[in-house]
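Let's take a friendly look at the cysteines and the ligand site of this model. Here it is.

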Amino acid sequence: MSNATQLIHSIPVDPLTGSISVPIYQTSTFVQEAPGVNKGYDYARSNNPTRATLETVIAQLEKGSVGIAFGSGLAAIDAVVKLLKAGDEILAVDDIYGGAFRLFTHIYEKFGIKVNYVDTTDAGNVFDAITPHTRLIWLETPTNPTLKVSDIEAIAKIAKANSCLLCVDNTFASPALQQPLTLGADLVIHSATKYLGGHSDLIAGLVVAKEQELGEKIKFIQNASGAILAPFDSWLVIRGIETLHLRVQQHCRNAQAVAEWLQTHPAIDQVFYPGLPTHLNHAIAKKQSKGFGGIVSFTLKNDTEAAATALVTSTHYFKLAESLGGVKSLLCHPAQMTHKSIPAEKRRAAGVADSLVRLSVGLEEVADLIADLDQAFEKVKQSEKINASTISV
Ligand SMILES: *Cc1c(COP(=O)(O)O)cnc(C)c1O
């Protein structure tokens, strides 16, 4: 059975009514026959049938034992960190999602959890940075917004040899392209807000554990801390997942074409996309994933915020917004948006240049997307000419 067939039929038909769409159980509690005698559900924070369906579907998609659905990607990350205790250390990818950095630094450091950031694109750096207190290795691959790729299998071996858990934030790749649990990771998290939901219409997070026992621990944390996903939003994620394979294939095709076109444009300095042979870890990306995703970043020869601002305000189809992974193409300027809270020097050192622009390539016709970028570059060039002539006058 192909992946797409398996996925579509992992979403069950309702056994009670035959409803082909998963029912939304909008309820807080479940009536019991006698104290403790129920149909598997007692209170909707602990469990809800709609959420449970999503949790089963994502566990199957990621080839894990247990799936757990949260109110946001950050709530999913938060639940994983709660496996640790004071004195434990996290070893994390240096180009980490800004929200995860904020959670680790401003919430968990004061509870005595230390985080060391390393460049995980070389697995040797991970080996060198492990201390006797490291309990959790945190990877994102590809990363945001510079699309760095790390070798999941090599790092999983290092984690195992040092009795650490490996958790991979698989948001950018999605399980349609990359399944970290099959490469040795213990946990996968998702911002389902992005490709899994796929329509820019919800906020949701998921955790999948490879082993039942670890999954039960996260499930305990979910019930104890309470950051569950609501029934309607669970249904929306299921509905998004139904077309995941189809959408992701098209995102990849469009992004590859856009990245190749950008590389030929005279205004461009560098293009970051794992599908380009010039990408630092193109070979690893090829080995561990079925495709290279829908996110493309680039820097301009005129490496200024002003040039990037002019560009991101000149497109028609690419809408200026944070987030990614939806049907409509988006673009953003990390220096002024997602990475604004990071001091400029630190941000530049992490590879997020002043002119870096991130594209979330959507599902439009790719020729229209390229034409849109082309006219935006042209507009910027003309206005730079006008500015230059007024300055010289
Ligand atoms: C968006 C995102 C998150 C956070 O998810 P939310 O759903 O916004 O809480 C985590 N990791 C990555 C890679 C993301 O892109």
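At 5% relative accessibility, Cys164 falls in the buried class, where buried means under 20% relative accessible area (1.4 Å probe, protein chains only). Cys167 is buried too, at 0% relative accessibility. The model is predicted, so local features need pLDDT of at least 70 and side-chain atom pairs pLDDT 80 or more, while totals for chains, interfaces and linings use all residues. Residues are numbered from 1 along each chain as its sequence is written, and side-chain values use heavy atoms, without hydrogens and water.

Are these cysteines bonded or unbonded? A disulfide is counted when two cysteine sulfur atoms lie within 2.5 Å, and by that rule there are zero disulfides. The cysteine sulfur nearest to Cys164 is that of Cys167, 13 Å away; this is too far for a bond.

Now to the ligand. Its surroundings hold 13 residues, among which Gly73, Asp169, Ser191, Thr193 and Lys194 come nearest; a residue is near if one of its heavy atoms lies within 4 Å. By class, this shell has five nonpolar, five polar and three charged residues, with Gly counted as polar.

The table lists polar contacts, meaning pairs of N or O atoms within 3.5 Å.

| Residue atom | Ligand atom | Distance |
|---|---|---|
| Gly73, backbone N or O | oxygen | 2.9 Å |
| Asp169, side-chain N or O | nitrogen | 2.7 Å |
| Thr193, side-chain N or O | oxygen | 2.7 Å |

Taken alone, the ligand exposes 380 Å², and the protein buries 92% of that, by the Shrake-Rupley method with a 1.4 Å probe.

Technical notes. A polar contact is a pair of N or O atoms within 3.5 Å; within protein, one must be able to donate a hydrogen and the other to accept it, and residues adjacent in sequence count only if both atoms are side-chain atoms. Buried means under 20% relative accessible area, exposed over 50%, partly exposed in between (1.4 Å probe, protein chains only).
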